[in-house]
Amino acid sequence: MSKRHAALGEVRERLRDTAEMVADELRGWVAVVMHFRWLLLATVGGVVFVAAVLRPWPPAKAYLATGQAGSSYTRLAEQFAAIFARHGIELVLRPTAGLEEGWVRLQDDADPVNASFLTGGGKAPETYTSLMSMGSVQFSPLWIFYRGEANAFNSIVELRDMRLAIGLPGSATRNIFVKLAGAHGLAYKERPNFYELSHAAAIDRLRRGELDAVFMVDGIDSPNVQALLNMPGVHMLNLALAEAYLKHLPELSQVRIPRGALDITRVLPPQDVVLLSSTVNLLVQDDMHPALQWLFLLAAREVGQGRNQFFANPGGFPADLDQTVSLSPVARRYFDQGIPAVFAHLPLHWAALFDRIWLLALWLMAVAIPAWMGARSLRQSLADSVLDNLNEQLLGIEQHLDALGPAHATPDVTERLQRLKKQADGAWFPNASDHMSLLRNIRSVESRLAPHASNPTQPAAPPSVNAAPAIVFKESV
């Protein structure tokens with residue numbers, strides 16, 4: 001039992017020593033902090049300011065305009081949303097009457113939409129103020145479906161007298177149609193047989209025989225396009241003048257559907273079909289958080305690596321194909337250097353933050369290590385300075401007592417000694433022996449004054465000629 005008590009006593013003793021050591025360390029650092037408190041407050045304020053400017057954490061939500069319901073853009077947006085969710089960020093999808101409406105909503109500061117798909121070949125570059133491009137994310141062909149015999153037409157001008165749906169006002173479909181019609185000198189507003197309809201409404205009216213043709217800009221995996229490809233009696237227009245159109249609309253590209261590529265069993269289409277295609281670009285507001293920009297690029301890359309890309313090879317998107325809108329700095333870096341390696345090892349939030357501040361972090365490390373060593377040295381210097389000052393005050397008291405004798409000590413001397421003792425008790429010194437030596441010397445002086453403490457007001461004898469000069473006591477700094 002005694003051994004057990006001895007062991008417990010030893011443990012308690014070690015814990016007490018550890019607690020005293022920790023307390024001593026804390027007192028040392030408190031002394032440093034109090035000495036440089038204003039400088040530290042200024043430093044903390046600077047760090048808070050820098051953090052506010054850098055915005056280290058992205059918002060929990062992003063808002064993406066997706067275009068018409070049933071379009072390939074909606075399907076693409078849903079794939080993006082699933083990827084965003086894996087990274088802990090909600091991508092809120094906002095359907096619009098057309099992608100041009102998404103551009104309008106991006107320009108509205110009161111609208112939460114901060115990203116939108118937009119087809120190329122739309123507005124002039126100067127209209128895209130305060131917006132940046134994340135690059136192109138897919139092809140979006142120009143489809144012309146008509147009722148009648150196969151291969152009956154090969155240009156838009158041949159459809160000028162047909163009941164033709166040309167897309168809603170402000171949509172990419174309508175805007176691109178106007179440019180193509182303008183190349184033939186057709187003024188669409190003067191033709192009552194051109195109908196401004198949504199894709200869904202146009203498909204329904206074509207199915208019921210109320211339209212003869214539909215012009216549409218959308219991806220091949222769009223439910224709307226698939227409905228038209230499988231509609232009986234409806235054919236795709238093979239643009240024999242595709243290369244000529246490109247001279248008038250260089251922002252478009254030429255794509256081809258090989259014979260039998262849609263259905264090899266039925267050999268559809270029965271011959272190669274040439275189409276024009278726009279690109280679908282992803283636009284964001286120029287103040288979008290860099291982490292969200294990287295996440296959009298990661299999502300576009302993951303979708304683009306799928307093997308079900310009809311008009312592009314796996315890995316073909318995202319791509320820098322349309323220079324109408326300037327790339328964001330993040331997108332430019334992606335196309336020049338790829339995804340930073342840190343994204344493979346850290347969660348998105350931390351990876352984006354590290355990617356932004358790694359140079360600053362290296363600089364801080366280069367400064368912090370010497371600063372830490374300097375702080376420890378400074379702590380020692382402050383302790384030495386306090387110790388020297390206290391010893392100097394004690395020496396002054398001793399000299400005063402030596403010169404006049406303890407019996408003639410004034411109350412002021414006793415008061416100063418007590419104040420010195422209080423300062424010494426609350427001071428911190430890295431070397432405990434220094435502290436103990438100071439306290440021992442103070443007690444020695446106290447013992448000299450103790451016999452005379454009962455008569456502290458006894459008048460002092462006049463100093464002799466050889467008496468020591470008056471001592472000026474200094475306060476501890």
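Biologist: Which strand supplies the largest share of the lining of the largest pocket?

Modeller: That is E4, with 4 residues. By the way, this is a predicted model, in which local features need pLDDT of at least 70 and side-chain atom pairs count only at pLDDT 80 or more, while totals for chains, interfaces and linings use all residues. Residues are numbered from 1 along each chain as its sequence is written, and side-chain values use heavy atoms, with hydrogens and water left out.

Biologist: What makes E4 a strand?

Modeller: Strands (E, at least two residues) and helices (H or I, at least four) are DSSP runs, numbered from the N terminus. E4 covers 131-147. H3 (72-86), H7 (223-229), E8 (234-236) and H9 (290-304) join E4 in each supplying at least two residues of the pocket lining.

Biologist: Why is this called a pocket, and the other kind of space a cavity?

Modeller: On a 1 Å grid over the protein atoms alone, a pocket is an open set with protein on both sides within 12 Å along at least five of seven lines, whereas in a cavity a 1.4 Å probe fits but cannot get out; lining residues have an atom within 4 Å of a point. The largest pocket holds about 810 Å³, and 39 residues line that pocket, with Ile220, Gln226, Leu229, Met236 and Leu262 nearest its centre. The search of the whole structure also finds 2 cavities of 30 Å³ or more, and the largest cavity has about 90 Å³. Those volumes are the space filled by probe spheres set on grid points, joined across faces, edges and corners.

Biologist: How do you know how many residues in the two linings are charged?

Modeller: Asp, Glu, Lys and Arg count as charged, Ala, Val, Leu, Ile, Met, Phe, Trp, Tyr, Cys and Pro as nonpolar, and the others, Gly among them, as polar. The lining of the largest cavity includes Gly67, Gln68, Tyr73, Thr119, His199 and Val217, and its residues divide into 4 nonpolar, 8 polar and no charged. For the largest pocket the division is 22 nonpolar, 13 polar and 4 charged.

Biologist: Why are H3 and H9 called oblique to each other?

Modeller: Their angle is about 120°, with the axes 9 Å apart. Angles under 35 degrees count as roughly parallel, over 145 as roughly antiparallel, 65 to 115 as roughly perpendicular and the rest as oblique. H3 is therefore oblique to H9. The axes are lines fitted to C-alpha atoms over the stretch in contact, and angles run from 0 to 180 degrees between N-to-C directions.

Biologist: What makes residues of H3 and H9 count as meeting?

Modeller: Contact means heavy atoms within 4.5 Å. Leu76, Phe80 and Arg86 are among the H3 residues that meet H9, whose partners include Leu292, Phe296 and Glu302. By class, this contact has 10 nonpolar, 1 polar and 2 charged residues.

Biologist: And why is the pair H9 and H10 oblique?

Modeller: H10 spans residues 329-337, and the pair packs at about 40°, again with axes 9 Å apart. H9 and H10 are therefore oblique to each other.

Biologist: What is the hand of the crossing of H9 and H10?

Modeller: Right-handed. That term applies if the near helix is turned clockwise from the far one by less than a right angle, and left-handed if anticlockwise.

Biologist: How do you know which peptide bond is cis in the loop between H9 and H10?

Modeller: Omega is about 0° at the bond joining Phe317 and Pro318, which is cis, and Pro318 lies in that loop.
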